[in-house]
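Student: Could you take me through one part of this model up close? I'd like to hear about the charged contacts around the strands, and whatever connects to that story.

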Amino acid sequence: MLSFSDIFKSSFLENVTSVSLLDILLTLALAFAIGLFISFIYKKTYTSVMYSAGFAGTLVALTMITAMTILAVTSNVVLSLGMVGALSIVRFRTAIKEPMEIAYLFWSIAAGIVLAAGLIPLALIGSVAIGLIMILYMNRKAIRNPYIAVIRCADKETEGKADAFLKGAVQKAVIKSKTAQKGNIELSYEILLKNDDTAFISELSEMEGVTNAVLVSYNGDYIA
């Protein structure tokens with residue numbers, strides 16, 4: 001039967017000093033700082049309708065949690081094998097709303113891993129470089145400002161007139177879908193505006209044979 005003295009002599013307690021307190025505090029502090037930076041970049045480059053403050057906070061927590069986990073793994077080989085088995089049964093079912101959110105999740109995880117591995121310059125310089133690229137790329141995409149125009153026409157003749165008017169009023173118009181029913185034709189266009197002028201949609205709605213015209217902001221992929 002094990003006594004308290006046997007428990008305290010266990011090699012399990014020897015792992016307490018395998019990672020110094022300074023290393024723990026430094027790694028977690030840097031992970032917190034980089035997590036905040038990633039969260040800041042996410043806020044600046046977010047292009048959807050509603051900004052998710054919860055996801056931004058998750059990026060900070062994920063960076064710190066990953067760093068803490070890797071510190072534990074690198075300090076004990078046996079623990080690393082057990083950690084792999086434990087994490088393999090975890091299932092995440094939260095839906096990703098935007099494809100770019102996957103990049104931010106992997107960025108947070110990678111930053112935590114690199115920090116805990118002791119590659120601090122790589123974590124800092126790499127995060128700054130990725131952040132600058134993300135800001136430049138996403139801002140370039142936002143300038144194009146795509147929209148979706150939905151037009152309902154009464155007949156084929158009106159469809160041709162509406163198509164010609166729309167292509168002359170905007171910078172670019174690409175038809176995305178067409179639905180035809182008896183007495184009703186619905187057209188969906190992906191368009192780029194000229195100088196953010198939306199007055200054409202009012203003129204289009206007043207055209208004879210056009211029953212409805214709608215203009216909606218669109219955050220999807222741009223087709224060059």
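**Salt bridges around strand β2**

Tutor: Let's start with K176 and E190, whose side chains come together in a salt bridge, 3.7 Å from N to O. Keep in mind that this is a predicted model. K176 sits in strand β2 and E190 in strand β3 (residues 184-192), so this contact ties together parts that are 14 residues apart in sequence. The two ends differ in how much surface they show. K176 has a relative accessible area of 41%, and because buried means under 20% and exposed over 50%, K176 lands in the partly exposed class. E190, at 5%, is buried.

Now stay on strand β2 and move along to K178. Its side chain meets that of E159 in another salt bridge, this time at 2.9 Å, N to O. Here the partner comes from a helix: K178 is in strand β2 (residues 172-181) and E159 in helix α7 (residues 156-169), with their positions 19 residues apart, and the pair links distant parts of the chain. As for accessibility, K178 is partly exposed at 47%, while E159 is buried, with 13%. So strand β2 supplies a lysine to a bridge with strand β3, and a lysine to a bridge with helix α7 as well.

Helix α7 also has a bridge of its own. K167 pairs with D163, and their closest N and O atoms are 3.4 Å apart. These two are four residues apart in helix α7, so about one helical turn separates them. K167 is partly exposed, with a relative accessibility of 46%. In total the structure has five salt bridges, including the ones I've just gone through.

For a contrast in chemistry, have a look at the aromatic side chains. There are four aromatic pairs in the model. One of them is Y42 with Y104: the ring centres are 5.3 Å apart and the planes sit at 80 degrees, so this pair counts as edge-to-face. Y42 belongs to helix α2 (residues 21-45) and Y104 to helix α5 (residues 99-116), so to speak a long-range contact, as the pair links distant parts of the chain, 62 residues apart. Y42 and Y104 are both buried. They belong to one aromatic cluster together with F37, F55 and W107.

Back at the strands, then, the picture to keep is K176 of strand β2 reaching E190 of strand β3, and K178 of strand β2 reaching E159 of helix α7.

Terms used
Residues are numbered from 1 along each chain as its sequence is written. This is a predicted model: local features need pLDDT of at least 70, side-chain atom pairs count only at pLDDT 80 or more; totals for chains, interfaces and linings use all residues. Side-chain values use heavy atoms; hydrogens and water are left out. A salt bridge is a side-chain nitrogen of Lys or Arg within 4 Å of a carboxyl oxygen of Asp or Glu. Buried means under 20% relative accessible area, exposed over 50%, partly exposed in between (1.4 Å probe, protein chains only). Rings of Phe, Tyr and Trp (its six-membered ring) pair if their centres lie within 6.5 Å; planes under 30 degrees apart count as stacked, over 60 as edge-to-face and the rest as tilted.
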